[in-house]
2 protein chains.
Amino acid sequence: MIEKLKYQIRINTDIDELKLDKIVSYFKYRKVKRSTLLLSEGEVCKELYLVYSGCVRTYYLTQQGYEKTRHIAFDDSIVTSFSSFISLQPSFEFIDTLEDSELYSISRKDFYQLVVDIPEWERFYTRFLEMTYIHQNKKIEARVTLTAKQRYEKLITEHPVYVRRLSNKILASYLDVREETLSRLKSK
Amino acid sequence: MIEKLKYQIRINTDIDELKLDKIVSYFKYRKVKRSTLLLSEGEVCKELYLVYSGCVRTYYLTQQGYEKTRHIAFDDSIVTSFSSFISLQPSFEFIDTLEDSELYSISRKDFYQLVVDIPEWERFYTRFLEMTYIHQNKKIEARVTLTAKQRYEKLITEHPVYVRRLSNKILASYLDVREETLSRLKSK
DNA sequence: ATGATATTTTGACATAGGTCAATGTATACG
DNA sequence: CGTATACATTGACCTATGTCAAAATATCAT
């Protein structure tokens with residue numbers, strides 16, 4: 001089951017099975033329907049999710065009420081409203097499921113207790129933050145240097161799964177264009 | 001001198017003076033003139049800088065050859081081309097000085113050796129990455145949800161130093177608008 | 001100081017992408 | 001199954017911001 005998480009940790013840091021089992025024991029299994037709201041704007045985010053199957057996203061609203069998708073997590077990836085999870089400030093993001101999903105969740109309290117108790121877990125977390133930084137940075141660069149068309153084509157090339165698995169509406173909100181614009185881009 | 005770094009580390013993690021002195025001993029002092037290029041696109045970034053005085057920025061070029069400023073570091077803050085520093089991949093960013101500056105630099109090798117050797121330093125680094133994440137995320141949100149005018153006004157309100165200390169050209173590149181546009185925004 | 005070089009401002013115009021509205025097409029649920 | 005609700009497409013038009021060029025300042029090096 002949660003083998004994938006174990007595997008992820010193993011490749012990022014040396015760790016024995018005992019500690020690995022301890023870490024994994026804090027994750028709780030949870031099955032949720034499509035379109036389930038896991039966190040609302042204004043709430044403090046006290047859970048981190050590991051997506052075992054399905055799809056979870058985080059998004060926020062513009063002043064005009066449009067959704068902007070920050071992150072989409074498919075199988076075996078981690079998702080939470082990080083800014084809130086880290087700072088304990090109210091989240092400006094929502095978290096919801098885009099498909100029926102199986103999740104493993106860990107509480108913020110347990111998560112940070114593991115950071116203190118298990119050096120390998122802290123190492124893993126540090127690596128994770130580093131990779132997240134790089135990913136964010138690339139996303140910003142793409143947003144700033146490419147046209148809507150180019151961003152769409154880049155996504156097709158680099159992550160065809162997104163285009164295959166997501167609705168136009170979600171894809172548009174992820175690429176930061178209006179749905180109408182995406183629809184037009186596709187037909188050219 | 002490097003008291004500020006010590007102070008920063010102390011408030012983020014408990015650490016004794018001995019270790020603090022060891023950390024600090026790896027930083028080398030360096031005085032550089034305005035407009036000095038510290039890193040070029042394509043090079044692997046193997047240094048991290050602590051800005052003691054002056055101003056350092058990182059930027060990249062769009063396909064049309066325009067500069068886009070990612071980060072501006074004034075006194076007492078940390079700057080490097082992180083994606084490259086972390087991954088050892090060639091940097092897509094440049095680093096240069098916007099004012100005559102005094103820097104403390106540490107090599108990537110020493111930096112990561114300290115991460116391994118001194119748990120408090122790793123803790124500090126983790127906190128730093130967390131704060132950096134939150135900062136990046138806010139910047140993206142602002143870029144996506146606000147107009148050029150609103151971004152400019154937000155900057156005036158939240159970080160008037162930027163507006164006071166930077167040229168229009170740099171400020172425009174930081175706000176992700178053309179210089180002409182910024183010039184017009186100001187006169188309204 | 002003085003010319004050279006870079007920055008800022010202003011103007012006229014172009015355009016990518018947004019907006020609003022209507023129509024067509026899925027898909028979910030009783 | 002059928003119909004209600006959400007999603008996707010298309011059209012006509014609009015606007016914020018970019019582009020290019022020229023003039024007005026500021027800044028720098030000798």
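Welcome to this predicted model. The tour begins inside chain B, moves to the contact between the two protein chains, and ends at the DNA.

**Stop 1: strands in chain B**

Start by selecting strand 3 of chain B together with strand 6, residues 77–79 of that chain; these two strands pair in the antiparallel sense over three bridges. To see one of the pairings up close, pick Leu50(B): its bridge partner in strand 6 of chain B is Ile78(B).

Now keep strand 3 (residues 47–53) of chain B on screen and add strand 8 (residues 101–107) of chain B. This pair is also antiparallel, and six bridges join the two strands. Show the side chain of Leu48(B), and opposite Leu48(B) you will find Ile106(B) in strand 8 of chain B.

**Stop 2: where chain A meets chain B**

Next, colour the two protein chains separately. How many residues of chain A are in contact with chain B? There are 25, and they touch 25 residues of chain B. On the chain A side, select helix 3 (82–87) and helix 5 (119–145), the elements that give two or more residues to this side. Helix 5 of chain A gives the most, with 15 residues. If you colour this side of chain A by class, you should see 11 nonpolar, nine polar and five charged residues.

**Stop 3: DNA strand C**

Turn to DNA strand C, which has 17 residues around it. Label the closest ones: Thr181(A) from chain A, and Ser167(B), Asn168(B), Lys169(B) and Ser183(B) from chain B. Then show the elements that supply two or more residues here: helix 6 (148–158) and helix 9 (179–186) of chain A, with helix 8 (168–175) and helix 9 (179–186) of chain B. Which helix gives the most to this surface? Helix 9 of chain B does, with five residues. The surface near DNA strand C is made of eight charged, seven polar and two nonpolar residues.

**Stop 4: DNA strand D**

Finally, select DNA strand D and the 17 residues around it. Those that come nearest are Ser167(A), Asn168(A), Lys169(A) and Ser183(A), along with Thr181(B). For the elements giving two or more residues, display helix 8 (168–175) and helix 9 of chain A, then helix 6 (148–158) and helix 9 of chain B. Here helix 9 of chain A gives the most, contributing five residues. Colour by class once again, and the surface near DNA strand D shows two nonpolar, seven polar and eight charged residues.

Note on methods. Residues numbered from 1 in each chain as written. Chains lettered and ligands numbered in written order. Predicted model: local features only at pLDDT ≥ 70, side-chain atom pairs only at ≥ 80, totals over all residues. Near = placed C-beta within 6 Å. Helix = DSSP H or I, 4+ residues; strand = E, 2+ residues; numbered from the N terminus. Nonpolar A, V, L, I, M, F, W, Y, C, P; charged D, E, K, R; others polar. Pairing = 2+ DSSP bridges. Contact = placed C-beta atoms within 7 Å.
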